[in-house]
Amino acid sequence: MRRFAVVAAVLASTILSGCATGQMAPSPIDRLVTLSGQQVDAYAADGKSFLDKGGSAAELMEKTQQAVANQLKDPGAAQFRNVRLVENAKGTVVCGELNGKNSYGAYTGFKRFVGSPSGGTIESTGSRYAQVDASANYGLNLLCH
């Protein structure tokens, strides 16, 4: 549902910005790719700031896992694997895989994530359109391959 709201907001802002300038605005897919990359850059800057303030790599990974797990229906049941630090030009992000429970209490399977102590993005696989998922996952795919 939250992904739908993000896509709807991107579509609305793209349409409105194109009308206001009289120029052809970027496509909603292009805008989603840009936003995905910007989000990962923000996570990287946050991770760098955390480490610059004296936080350890282990603390960075732990706090990021907490932030990502808090997005789930049952944060206490979150399972993590392959968690690691990845650096880019903007700083450091935490990449890994996460398994969580659905509304029925069943685990849904591992999905990749990228994040920092301020939050994270879990791999999008729920769209009816593969291109929307691929665009939403652009930043994640860029760093967490």
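Trainee: Is Glu-97 buried or exposed?
Mentor: This is a predicted model, and the value is computed from it. The relative accessible area of Glu-97 is 18%. The cut-off for buried is under 20%. So Glu-97 counts as buried.

Trainee: Which side chain meets Glu-97 in a salt bridge?
Mentor: The N to O distance in this salt bridge is 2.9 Å. The pair links distant parts of the chain, with Glu-97 in strand β2 and its partner in strand β1, 16 residues apart. The partner is partly exposed, with a relative accessible area of 39%. The side chain that meets Glu-97 is that of Arg-81.

Trainee: Over the face of which residue does Arg-81 lie?
Mentor: Arg-81 already meets Glu-97 in a salt bridge. Arg-81 also lies over a ring, at 3.8 Å from the ring centre. That ring belongs to Phe-110.

Trainee: How many salt bridges does a search of the whole structure find?
Mentor: Side chains of opposite charge can pair when their charged atoms come close. Arg-81 and Glu-97 make one such pair. Asp-52 and Lys-48 make another, at 2.8 Å, N to O. With Arg-112 and Glu-123 also paired, the search of the whole structure gives three.

Trainee: In which helix do Asp-52 and Lys-48 lie?
Mentor: An α-helix has 3.6 residues a turn, so residues three or four places apart point the same way. Asp-52 and Lys-48 are four residues apart, about one turn of the helix. Asp-52 is exposed at 56% relative accessibility, and Lys-48 is partly exposed at 40%. Both lie in helix α2.

Trainee: How far apart are the closest N and O atoms of Arg-112 and Glu-123?
Mentor: Arg-112 forms a salt bridge with Glu-123. Arg-112 is in strand β3 and Glu-123 in the loop between β4 and α4, so the pair ties together parts eleven residues apart in sequence. Arg-112 is partly exposed at 22%, whereas Glu-123 is buried at 19%. The closest N and O atoms are apart by 3.3 Å.

Trainee: How many aromatic pairs does the count come to?
Mentor: Ring centres must lie within 6.5 Å to pair. By this rule the count of aromatic pairs comes to one.

Trainee: Which geometry do Phe-80 and Phe-113 form?
Mentor: A pair of aromatic rings is described by the distance of the centres and the angle of the planes. For Phe-80 and Phe-113 the centres are 5.6 Å apart, with 80° between the planes. Planes over 60 degrees apart fall in one class. The pair is therefore edge-to-face.

Trainee: How many residues apart in sequence are the parts that Phe-80 and Phe-113 tie together?
Mentor: Phe-80 is partly exposed at 24%, while Phe-113 is buried at 0%. Phe-80 lies in strand β1 (residues 79–88) and Phe-113 in strand β3 (residues 111–116). The parts tied together are apart in sequence by 33 residues.

Trainee: What should the 13 residues of helix α3 span?
Mentor: Helix α3 covers residues 57–69. The expected span is 1.5 Å times one less than the number of residues. The distance between the end C-alpha atoms agrees with the expected value, which is 18 Å.

Trainee: Against which elements do the buried residues of α3 pack?
Mentor: Buried in α3 are Leu-60, Thr-64, Ala-67, Val-68 and Ala-69. One helix and four strands make up their partners. These are α2, β1, β2, β3 and β4.

Trainee: Which residues does Ser-135 touch, not counting those up to four places away in sequence?
Mentor: Ser-135 is found in helix α4 (residues 130–136). At 4% relative accessibility, Ser-135 is buried. Beyond four places in sequence, Ser-135 touches Ile-29, Leu-32, Val-33 and Ser-36.

Trainee: What separates the C-alpha atoms of Arg-31 and Ala-136?
Mentor: Arg-31 lies in helix α2. Arg-31 is partly exposed, at 30%. Arg-31 and Ala-136 are 105 residues apart along the chain. Their C-alpha atoms are separated by 9.7 Å.

Trainee: In what order do the elements of the chain run from the N terminus?
Mentor: The chain has five helices and four strands. Of its 145 residues, 34% count as buried. From the N terminus the order is α-α-α-β-β-β-β-α-α.

Terms used. Residues numbered from 1 in each chain as written. Predicted model: local features only at pLDDT ≥ 70, side-chain atom pairs only at ≥ 80, totals over all residues. Heavy atoms only, no water. Helix = DSSP H or I, 4+ residues; strand = E, 2+ residues; numbered from the N terminus. Buried < 20%, exposed > 50% of the residue type's maximum accessible area, 1.4 Å probe, protein only. Contact = heavy atoms within 4.5 Å. Phe/Tyr/Trp six-rings, centres within 6.5 Å; stacked < 30°, edge-to-face > 60°. Lys NZ or Arg CZ within 6 Å of the ring centre and 35° of its normal. Salt bridge = Lys/Arg side-chain N within 4 Å of Asp/Glu carboxyl O.
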